[in-house]
Amino acid sequence: MWPPRLRVGPFRRGAFTSRLRSPRLTSQLGLLLAVAFGVCFLTGLLSHLIQHPPSWFWWPSRPVWLYRVTQGLHVATGLAAVPLLAAKLWSVFPKLFAWPPFRDPVHALERLSVLVLASSALFQLVTGVLNIARWYDPMPFGFIAAHYWTAWLAIGSLLVHIAVKLPIVRRALGATPRPTHGDGLSRRGLLAAVGATAAAVTVATVGQTVRPLRDLSVLAPRRPDTGPQGLPVNTSAAAARIVVPVDFRFLLVGPRARHALSLADLAALPQHTVSLPITCVEGWSADARWTGVRVADLLALLGEPGATVLVESLQADSPYRSSTLAPPHARDPLTLLALRLNGEVLHPDHGYPCRLIAPNRPGVLQTKWVSSMTVVSP
Ligand SMILES: Nc1nc2c(c(=O)[nH]1)N[C@H]1C(S)=C(S)[C@@H](COP(=O)(O)O)O[C@H]1N2
Ligand SMILES: [Mo]
């Protein structure tokens, strides 16, 4: 069925010579990769649920640092997986050129599932890195939907792959390792180098959320302490084309009451200062001191203490111009309509005249340039 004259180039016998490739190495790398992808998948799914909550989903406002940890893990495990996946693909690369390409329909199916796994895993890592770099030009598709649905493809094909390969992995890891003879790198040396690369990538990026490591954070596109008022900015006021009307009024709308509050009115309400991080889904986070009015106090003005509210922005068209504040966050005394940041009036890029800041909430839901809050369910 497969003409032998096609058996040329990488298809010929003995085309790949490295003595480091072995089922044991592939199994070890696969195990590390499965852990990284597993953590990355679960933390990513969590982040998705928080941002697009189905009716059964409930996300607490405490502990304040929880999302910072889960999203930090999501990005860190994704980045550490880059060298792991590269090494893993290298270790099985000759199989791409195995001859014959498949033996029977079952084998063809297995090869196809590996193709789905390898391409979806690569797609996830590449799009994730592009998103961290905020470089959307190479992605002519919606990043969020593509990254979310491909994650299911990757994890599904990973589970199938593990189930199919488990006997081989068991055998490879159970047997006494065959020493790699000859000069040059040993298998253990290769594993150590791959592990060291993954560790170096982590150390060089995790400082974007782990403060003590921020000076080592040479590969992260964001440092937690750069930007106006000591905080990074994702979208500036100019980029969002924000125009604050001179007679700005913050609208507070409930089913039974409605208030239009000037900045002076807001400043006359009881002010509170809280320390909370902004935790961007892209993996950076930064602590800051916010001062403003408790959202719980605003809801009390409306007589709706247990309400879910829609927070809207002066920004005209952006998927991030509004967010929904569910009761756990709306009620939390740490949740503010902030007017000040680190002791100063909010910088325009941080949301002047007022912005939302709530504990344990993705940065993308911390709406800036807030113009109104509307009760959607009392
Ligand atoms: N209206 C509006 N609010 C927004 C955004 C936006 O694009 N528009 N970006 C969000 C994102 S993705 C993050 S991480 C934080 C960043 O806040 P900062 O610029 O004050 O650091 O604001 C959020 N609030
Ligand atoms: Mo963000």
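The exercises below work through the strands, the domain interface and some unusual backbone positions of a predicted model.

**Exercise 1. Find which strands pair with β4, and state whether β4 is largely enclosed or not.**

Step 1. Begin with strand β3, residues 272-279, which runs antiparallel to β4 and is joined to it by eight bridges. A pair of residues to look for in the structure is isoleucine 278 and alanine 286 of β4, which stand opposite each other.

Step 2. Follow the chain through the hairpin of β3 and β4, where five residues lie between the strands and where glycine 283 takes a positive phi near 110 degrees.

Step 3. Turn to strand β7, residues 336-341, which pairs with β4 in the antiparallel sense over five bridges. Here threonine 291 has arginine 340 in β7 as its bridge partner.

Step 4. Consider burial, for which the cut-off is a relative accessible area under 20%. Seven of the 10 residues of β4, which spans residues 285-294, are buried, so this strand is largely enclosed by the rest of the structure.

**Exercise 2. Describe the interface of domain 1 and domain 2, from its extent to its polar pairs.**

Step 1. Fix the bounds first: the domain assignment of the chain places domain 1 at 4-213 and domain 2 at 229-377. Taken over C-alpha atoms, the centres of domain 1 and domain 2 are separated by 39 Å.

Step 2. Establish the extent of the interface, in which 23 residues of domain 1 are in contact with 25 residues of domain 2. The area buried between the two domains is about 2000 Å², and carbon and sulfur atoms give 49% of that area.

Step 3. List the charged and polar pairs. Three salt bridges are found across the interface of domain 1 and domain 2, and 14 residue pairs are in polar contact across the interface, counting pairs in which both residues are at pLDDT 80 or more.

Step 4. Assign the side of domain 1 that touches domain 2 to its helices: α1 (23-51), α2 (66-92) and α3 (105-132) each supply at least two residues. Among these helices, α2 gives the most to that side of domain 1, with five residues.

Step 5. Inspect one salt bridge at the level of side chains, namely that in which arginine 134 and glutamate 282 meet, with a distance of 3.1 Å from N to O.

**Exercise 3. Locate two cis peptide bonds that precede proline residues, and name the loops in which these prolines lie.**

Step 1. The peptide bond from arginine 62 to proline 63 is cis, with omega near -10 degrees, and proline 63 has its place in the loop between α1 and α2.

Step 2. Tryptophan 99 and proline 100 are likewise joined by a cis peptide bond, for which omega is about 0 degrees, and proline 100 is found in the loop between α2 and α3.

**Exercise 4. Determine where asparagine 360 and tryptophan 369 lie, and whether each is buried or exposed.**

Step 1. Asparagine 360, although a residue other than glycine, has a positive phi near 55 degrees, and tryptophan 369, which is not a glycine either, has a positive phi of about 50 degrees.

Step 2. Asparagine 360 is found in the loop between β9 (355-357) and β10 (370-377), and tryptophan 369 also lies in the loop between β9 and β10.

Step 3. The relative accessible area of asparagine 360 is 2%, so this residue is buried. For tryptophan 369 the relative accessible area is 2%, and this residue is therefore buried as well.

Methods:
Residues numbered from 1 in each chain as written. Chains lettered and ligands numbered in written order. Predicted model: local features only at pLDDT ≥ 70, side-chain atom pairs only at ≥ 80, totals over all residues. Heavy atoms only, no water. Buried < 20%, exposed > 50% of the residue type's maximum accessible area, 1.4 Å probe, protein only. Helix = DSSP H or I, 4+ residues; strand = E, 2+ residues; numbered from the N terminus. Pairing = 2+ DSSP bridges. Domains from an automatic or database assignment. Contact = heavy atoms within 4.5 Å. Buried area = accessible area lost by both parts, 1.4 Å probe. Salt bridge = Lys/Arg side-chain N within 4 Å of Asp/Glu carboxyl O. Polar contact = N/O pair within 3.5 Å; in protein donor to acceptor, adjacent residues only side chain to side chain.
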